[in-house]
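Me: Hi! I have a protein model open and would like to talk through a few spots on it. Could you help me read it?

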Amino acid sequence: MARDPETLREVIEFLDQGVALFDADAKLSFANDSFRDMYPALPDMLAPGTPWGVFLHEAVNRGAMPQPVSQLLNAIEARLDHRTPVETVQMPADVGATFTLRLAQTSDGGFVLTQSTGVDHIRAADTAREAEQLLRKVLEACPTSLTMSRVADGQIIYRSPAATNLLGTSKSSFSHFAHVEERADFVTALLPDARVDNMRVTCLRANGQAFPADLSARLIDYRGEDVIVANIEDLTEELAVRAELDRQKEQLFQSEKLSALGELLAGVSHELNNPLSIIVGNADILHEELENTGLEKRISKLSQAAHRCVRIVRSFLSLARQEPLDLRPMSPSKLIETAKDVVSAEAGTVGVQVHSNVANDCPDITVDEVQLTQVIINLLTNAIHAIRDASIGDRVTIDCDHDDDRIRFTISDNGPGVPDAVKTRIFDPLFTTKEVGKGTGVGLAYSHRIVSAHKGRIQLATSSKQGATFIVELPLAHSL
């Protein structure tokens with residue numbers, strides 16, 4: 001049954017396959033929309049009347065067709081006749097695809113060019129293989145600790161080299177967690193939303209050492225089963241840096257607070273000096289004039305209180321002035337013996353024995369003798385007062401040793417120790433655990449400032465019911 005040309009045109013337009021008809025003079029007479037869509041760069045070359053050679057030439061020039069394909073098509077067209085079988089040419093298209101082009105002669109002496117899209121299985125396989133190799137290279141070079149494991153049994157499906165270095169080669173992700181309950185909490189948090197971000201957990205290194213970690217994960221489908229893709233970040237260094245920054249901030253805060261307090265104390269102390277001098281002087285005069293009158297006891301209490309006020313004011317002034325160091329070589333033994341002589345009388349009255357142990361090879365240190373001796377006196381006095389007030393303990397010991405760079409004074413006692421609640425505040429200015437009227441809170445703050453000025457460090461090393469231990473570390477002369 002014959003079909004009119006218009007009907008045939010409609011059928012050809014309906015095809016997904018690209019079709020271009022050329023007449024006996026090798027000029028384009030018709031191209032359907034599918035063919036035009038395959039050559040978006042050649043809209044003007046797909047108009048009726050365009051010569052076959054011009055079409056091929058422009059297709060190459062505009063990047064729509066490789067030159068070898070153009071040459072092959074032109075050679076096929078040149079030898080076409082009604083006996084020539086249909087020949088096929090492959091032309092690369094997008095990734096993993098190809099165009100199949102066919103040329104055949106028509107009954108009117110012209111020819112038809114068809115073009116269809118197919119899958120280049122070989123190229124697709126090569127592309128997939130290349131993509132897999134690239135992904136593996138990226139994962140192998142990635143510094144992140146990535147693991148891929150099954151939800152049910154924790155079996156490791158994949159781990160990056162960074163994860164192997166951090167976590168070892170265990171077969172189950174369960175072994176990455178230091179605590180079973182943290183593993184359970186992680187899975188519980190992951191399942192509802194298929195994701196967990198920045199969860200703090202404790203993990204185990206390959207050698208079994210625990211470390212703080214930040215865990216992020218996603219739940220994905222892999223070959224029909226749920227698996228966990230997780231990133232574990234070691235926080236050891238980060239937390240150490242944070243701790244150091246916090247320590248430096250605290251030191252800066254204490255320094256600023258001491259400076260502000262020093263200015264205040266200097267003003268107050270100067271104002272109190274004159275009236276205190278009058279009180280002390282008149283108390284001494286009254287003690288002489290009222291001798292044998294029965295008022296000596298009251299006058300003595302007045303004089304003692306006045307002298308205590310003078311000592312407090314002097315402590316305030318010492319803290320406020322920040323006097324420059326008078327650095328001189330000094331024997332540690334001499335510093336310790338001087339301090340022991342100062343506190344021996346008070347220690348004896350409350351039944352406290354003060355012992356010292358100095359290593360024979362302890363070298364001289366370059367220090368301000370007066371100020372550093374005062375530091376040792378403060379520490380010994382605090383220990384004696386703690387034993388006296390608590391009625392616990394009877395011994396204070398000061399040891400001295402050294403290494404290649406530092407010398408270390410260790411003052412320990414068997415008294416009540418320092419309560420946990422005040423450990424972090426003992427070096428704060430004006431903070432004291434003594435009863436009202438028995439402590440100024442200046443001694444340890446003053447000691448801290450002196451030791452820092454010597455480029456050293458003072459710290460509470462241990463504190464328990466068995467006593468307290470303070471350590472003063474100072475650089476040796478060659479380390480300054």
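The chat below goes through some local features of this model, which is a predicted one.

Me: Let's begin with salt bridges. How many salt bridges does the count come to?
Reply: The count comes to 16 salt bridges. As general background, side chains of opposite charge can pair when their charged atoms come close.

Me: Can you walk me through one? Which residue does R205 form a salt bridge with?
Reply: Its partner is D234, and the closest N and O atoms of the two are 3.0 Å apart. R205 sits in the loop between strand 8 (195-204) and strand 9 (210-222), while D234 belongs to strand 10 (residues 225-234), so this pair ties together parts that are 29 residues apart in sequence.

Me: Are those two buried, exposed or partly exposed?
Reply: R205 is partly exposed because its relative accessible area is 22%. D234 counts as partly exposed too, at 28%.

Me: And which residue pairs with E369?
Reply: E369 forms a salt bridge with K334, with 3.9 Å between the closest N and O atoms. E369 lies in helix 11 (residues 369-390) and K334 in helix 10 (residues 332-349), so the bridge ties together parts that are 35 residues apart in sequence. There is also a network: salt bridges that share partners join D401, D403, R406, R408, R457 and E473.

Me: Nice. What about D197, what is its partner?
Reply: That one is R195, and their closest N and O atoms are 3.1 Å apart. D197 is partly exposed at 40% relative accessibility, and R195 is partly exposed at 43%.

Me: New topic: cysteines. How many disulfides does a search of the whole structure find?
Reply: The search finds 0 disulfides. Take C400 as an example: the nearest cysteine sulfur belongs to C362 and is 3.6 Å away. A disulfide needs the two sulfur atoms within 2.5 Å, so this pair does not qualify.

Me: Is C400 buried or exposed?
Reply: C400 is buried, because its relative accessible area is 3% and the cut-off for buried is under 20%. C203 is another buried cysteine, at 1% relative accessibility.

Me: OK, on to the surface. Which residues form the negative patch?
Reply: D284, E288, E289 and E291 form that negative surface patch. D284 is found in helix 8 (residues 236-289), and it is partly exposed with a relative accessible area of 35%.

Me: And which residues make the nonpolar patch?
Reply: I279, L286 and L302 make a nonpolar surface patch of about 220 Å². L302 has its place in helix 9 (residues 296-321), and at 40% relative accessibility it counts as partly exposed.

Me: Back to the inside, then. Which residues are buried in helix 3?
Reply: In helix 3 (residues 52-61), the buried ones are W52, F55, L56, E58 and A59. It may help to know that an α-helix has 3.6 residues a turn, so residues three or four places apart point the same way.

Me: What does G63 do just after helix 3?
Reply: G63 takes a positive phi of about 75 degrees there.

Me: Last one. Where is S116, and how far is it from F35?
Reply: S116 is in strand 5 (residues 111-119), and it is buried with a relative accessible area of 18%. S116 and F35 are 81 residues apart in sequence, yet their C-alpha atoms are 8.8 Å apart in space.

Technical notes:
Residues numbered from 1 in each chain as written. Predicted model: local features only at pLDDT ≥ 70, side-chain atom pairs only at ≥ 80, totals over all residues. Heavy atoms only, no water. Patch = residues over 30% accessible without salt bridge, like charges linked within 9 Å, V, L, I, M, F, W, Y side chains within 5 Å. Areas by Shrake-Rupley, 256 points an atom, 1.4 Å probe, with all protein chains shown as cover. Salt bridge = Lys/Arg side-chain N within 4 Å of Asp/Glu carboxyl O. Lys, Arg positive; Asp, Glu negative; His and termini not counted. Charge placed at Lys NZ, Arg CZ, Asp CG, Glu CD. Helix = DSSP H or I, 4+ residues; strand = E, 2+ residues; numbered from the N terminus. Buried < 20%, exposed > 50% of the residue type's maximum accessible area, 1.4 Å probe, protein only.
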